[in-house]
Amino acid sequence: MGQQVGLMMLFTRIAPERYNQQEATIRQILSKFAEMVAIALINEHAREATEQARARAELAARTRQEFLANMSHEIRTPLNGILGMLNLLRETPLNEEQRDLVRTAHHSAEHLLGILNEILDMARLEAGRMALESAPLNLPETVRAAIESMRPLAQQKRLTLQLHLPDECPQWVMGDSLRLRQILFNLVGNAIKFTHEGGVTVRLHVAPASQPEQPVRVRFEVCDTGIGIPPERLTAIFEPFEQADGSSTRQYGGTGLGLAICKRLVELMGGQIGVQSALGKGSTFWFELDFTPAPTQSEPLVESTASRCDGSLNGLRVLVAEDNLVNQKVVARQLERWGVHYRLAANGREALEWLAQEPFDLILMDCQMPEMDGFEATRRIRDQKSTAHIPIIALTANALPEDREMCLQAGMDDYLPKPFKPEALRAMLERWVQARPAQAA
C-alpha cells in the first residue's frame with residue numbers, strides 16, 4: 001500500500017451526471033490537475049528517497065574503505081616487525097635447525113601478508129577502485145619472470161614447471177605488468193598447490209593481428225596434472241570465497257579469493273577467463289587478453305623494482321620518524337648494517353626538533369603517529385627553507401593506492417609500504433643517494 005502524500009477534494013452541489021458541457025470540462029481539467037499534482041508529489045518523494053539511499057550507500061562505502069584502511073594499517077604494522085626481525089635473525093650465525101625454523105616462520109608471515117593483500121584487492125575490485133596501468137611491458141620477460149619466481153615452490157613438491165612461448169609472441173606491448181603477474185601468480189600457485197605428481201605447464205597462444213597496429217590477442221593456459229575439479233564446481237570457483245572443496249575438512253588452505261580476483265582483473269582488462277577440468281586428471285585454466293603493440297623499447301628500460309647504483313650508503317645521515325618501537329628497531333638495525341647514521345623520532349614533532357639540531361640527507365617518514373602525523377610534519381618541513389630540499393620517503397603501513405597519492409600530495413618524494421624487504425629499502429635509499437646532486441642543484 002502506497003504512502004499518502006496529499007489530498008485534493010472537489011465539492012459540487014449537483015450530481016456529476018447533471019453537469020452541463022462547461023461544468024464537465026471544468027471537472028475534467030480539475031481532475032487532470034489533481035493527477036499532475038499527485039504525480040509531482042510522488043516523483044519528489046521518490047527523488048528524496050533515492051537521494052537518501054545514495055547518501056546511505058556513499059556513507060557505507062566510506063565506512064568500509066576507512067575500516068579496510070585502518071585494518072590494513074593495524075595488521076601491516078606488526079607484520080613489518082615480524083618479517084623485519086626474521087630478516088635480521090636469518091643474517092646471524094644459525095645452525096641448520098634454527099635456519100629451518102626461521103625459514104618456516106618467515107614463510108608463514110608472508111602467507112599471512114598474501115591473505116591480507118587478497119582481501120584488500122577484492123574489496124577494491126568490488127568498490128570499482130582498482131585502477132589499471134597502461135605502460136610498455138616486455139611480455140615474454142614478464143611472463144618468464146612470473147613463472148621463475150614460482151619454480152622453488154614447484155621444486156619443493158618435486159614437480160616440473162615448464163613454459164612454452166611461441167615464436168610469434170609479441171615482445172613490447174601496452175599493459176599492466178603488475179596485474180598480469182598477479183594473475184599468473186594466482187593461477188600457477190593454485191596449479192602447484194593442487195598437484196602432487198607430474199607438473200605444471202604454462203603455454204601462450206597468439207592470434208596474429210590483421211594489421212600491424214591492431215591489438216594482438218594472447219591466450220594464456222596454465223595446465224596441471226593435479227586433482228581436477230568436480231563438474232558442478234567449475235562455475236562457482238570464480239566466485240568470492242568459493243573453493244573446489246569448501247568443507248571444514250578440506251586439505252587445501254586459502255581464502256577462496258584468488259580465482260575471483262583473477263576473474264575481475266581479466267574482465268577489467270577487457271578479456272575473459274575460463275577452466276577445463278577432469279576430476280583426477282588435472283585442470284587447464286585459461287584467460288585471453290588483447291594487447292596493443294608498444295613502441296620499441298631499448299633493453300635498459302625493462303622494468304625493475306628499484307633503481308640501483310653502486311655507491312655505498314656508508315655515512316648517509318637519515319632521520320627515521322616512526323612511533324612503533326619494534327619497527328624502530330627493525331629500521332635501525334638495517335641502517336646500522338649499511339653504515340648509515342640515523343636518529344629516531346617517535347612523532348612528527350620530534351622529527352622537527354631533530355631537524356632544528358642536525359643536518360640530514362634523507363627522512364624516512366611514517367604517516368600515522370601521535371601528536372603530529374607524517375603529513376603535517378612533511379608540510380612543515382617543506383615550508384622551511386633550510387629543510388625544503390631534503391628527500392622524504394613515506395615508510396608506512398598505509399598501503400592502498402590512494403595512500404601513495406596522499407603522500408606525494410603532502411610533499412613526500414617517494415613511498416615504500418610496510419611490510420618491506422631489506423633490499424627494497426636499500427634500493428630506495430641508494431636511488432635517492434644517487435639523486436642527491438641533482439636535488440641539491
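Reader: In which loop does Glu371 lie, and what is its phi?

Author: In this predicted model, Glu371 belongs to the loop between strand 10 (362–365) and helix 9 (374–383). As a general idea, most residues other than glycine have a negative phi. Glu371 is not a glycine, yet its phi is positive, near 70°.

Reader: Is Glu371 buried or exposed?

Author: A residue counts as exposed when its relative accessible area is over 50%. Glu371 has 64%, so it is exposed.

Reader: Which loop holds Arg158, and what is its phi?

Author: Arg158 lies between helix 4 (151–156) and strand 2 (160–164), in the loop there. Its phi is positive, about 60°, although Arg158 is not a glycine. With a relative accessible area of 75%, Arg158 is exposed.

Reader: Peptide bonds next. What joins Lys418 and Pro419?

Author: In general, most peptide bonds are trans. Lys418 and Pro419 are joined by a cis peptide bond, with omega about -5°. Pro419 sits in the loop between strand 12 (414–417) and helix 11 (422–440).

Reader: Which side chain reaches the backbone oxygen of Lys418?

Author: That of Arg76, at 3.0 Å. Arg76 is part of helix 1. A residue is buried when its relative accessible area is under 20%; Arg76 has 7%, so it is buried.

Reader: How do I check the length of a helix, say helix 5?

Author: Compare the expected span with the distance between the end C-alpha atoms. Helix 5 runs over residues 177–193, which is 17 residues, and at 1.5 Å a residue it should span 24 Å. The end C-alpha atoms are 24 Å apart, so the two values agree.

Reader: How many residues of helix 5 are buried?

Author: The general idea comes first: an α-helix has 3.6 residues a turn, so residues three or four places apart point the same way. In helix 5, 12 of the 17 residues are buried, so the helix is largely enclosed by the rest of the structure. Among them are Leu180, Ile183, Leu184 and Leu187. The buried set also includes polar or charged side chains, such as Arg179, Gln182 and Asn186.

Reader: What lies within 3.2 Å of the backbone nitrogen of Leu178?

Author: A side-chain oxygen of Asp176, at the start of helix 5.

Reader: How is a pair of aromatic rings read, and how many pairs are there in the whole structure?

Author: Such a pair is described by the distance of the centres and the angle of the planes. A search of the whole structure finds three aromatic pairs. In one of them, the ring centres of Phe220 and Phe291 are 6.3 Å apart and the planes stand at 70°, so the pair is edge-to-face. The cut-off for that label is an angle over 60 degrees. Phe220 is in strand 5 (residues 216–224) and Phe291 in strand 7 (residues 282–293), so the pair ties together parts 71 residues apart in sequence. Phe220 and Phe291 are both buried.

Reader: What is the geometry of the pair formed by Phe238 and Phe285?

Author: Phe238 and Phe285 are also edge-to-face, at 6.1 Å centre to centre with 70° between the planes. Phe238 comes from the loop between strand 5 and helix 6 (258–268) and Phe285 from strand 7; they are 47 residues apart, and the pair links distant parts of the chain. Both Phe238 and Phe285 are buried.

Reader: Which residues form one aromatic cluster, and what sits over the ring of Trp286?

Author: The cluster consists of Phe220, Phe287 and Phe291. Over the ring of Trp286 sits the charged end of Arg219, 4.4 Å from the ring centre.

Reader: How many cavities of 30 Å³ or more are found, and which residues line the largest?

Author: Two turn up in a search of the whole structure. The largest has a volume of about 40 Å³. Its lining is made of Asn80, Gly84, Asn87, Val330, Gln334, Phe420 and Pro422. Helix 1 (21–89) and helix 7 (325–337) are the elements that give two or more residues to this lining. Helix 1 gives the most, with three residues.

Reader: Last, where is Ile392, and how far is its C-alpha atom from that of Leu364?

Author: Ile392 is in strand 11 (residues 392–396). Its relative accessible area is 0%, so Ile392 is buried. The C-alpha atoms of Ile392 and Leu364 are separated by 6.0 Å, although the two residues are 28 residues apart along the chain.

Methods: Residues are numbered from 1 along each chain as its sequence is written. This is a predicted model: local features need pLDDT of at least 70, side-chain atom pairs count only at pLDDT 80 or more; totals for chains, interfaces and linings use all residues. Side-chain values use heavy atoms; hydrogens and water are left out. Helices (H or I, at least four residues) and strands (E, at least two) are DSSP runs, numbered from the N terminus. The expected span of a helix is 1.5 Å times one less than its number of residues. Buried means under 20% relative accessible area, exposed over 50%, partly exposed in between (1.4 Å probe, protein chains only). A polar contact is a pair of N or O atoms within 3.5 Å; within protein, one must be able to donate a hydrogen and the other to accept it, and residues adjacent in sequence count only if both atoms are side-chain atoms. Rings of Phe, Tyr and Trp (its six-membered ring) pair if their centres lie within 6.5 Å; planes under 30 degrees apart count as stacked, over 60 as edge-to-face and the rest as tilted. A charge sits over a ring if NZ of Lys or CZ of Arg is within 6 Å of the ring centre and within 35 degrees of the ring normal. On a 1 Å grid over the protein atoms alone, a cavity is a set of points where a 1.4 Å probe fits but cannot get out, and a pocket is an open set with protein on both sides within 12 Å along at least five of seven lines; lining residues have an atom within 4 Å of a point. Grid points are joined across faces, edges and corners, and a volume is the space filled by probe spheres set on the points.
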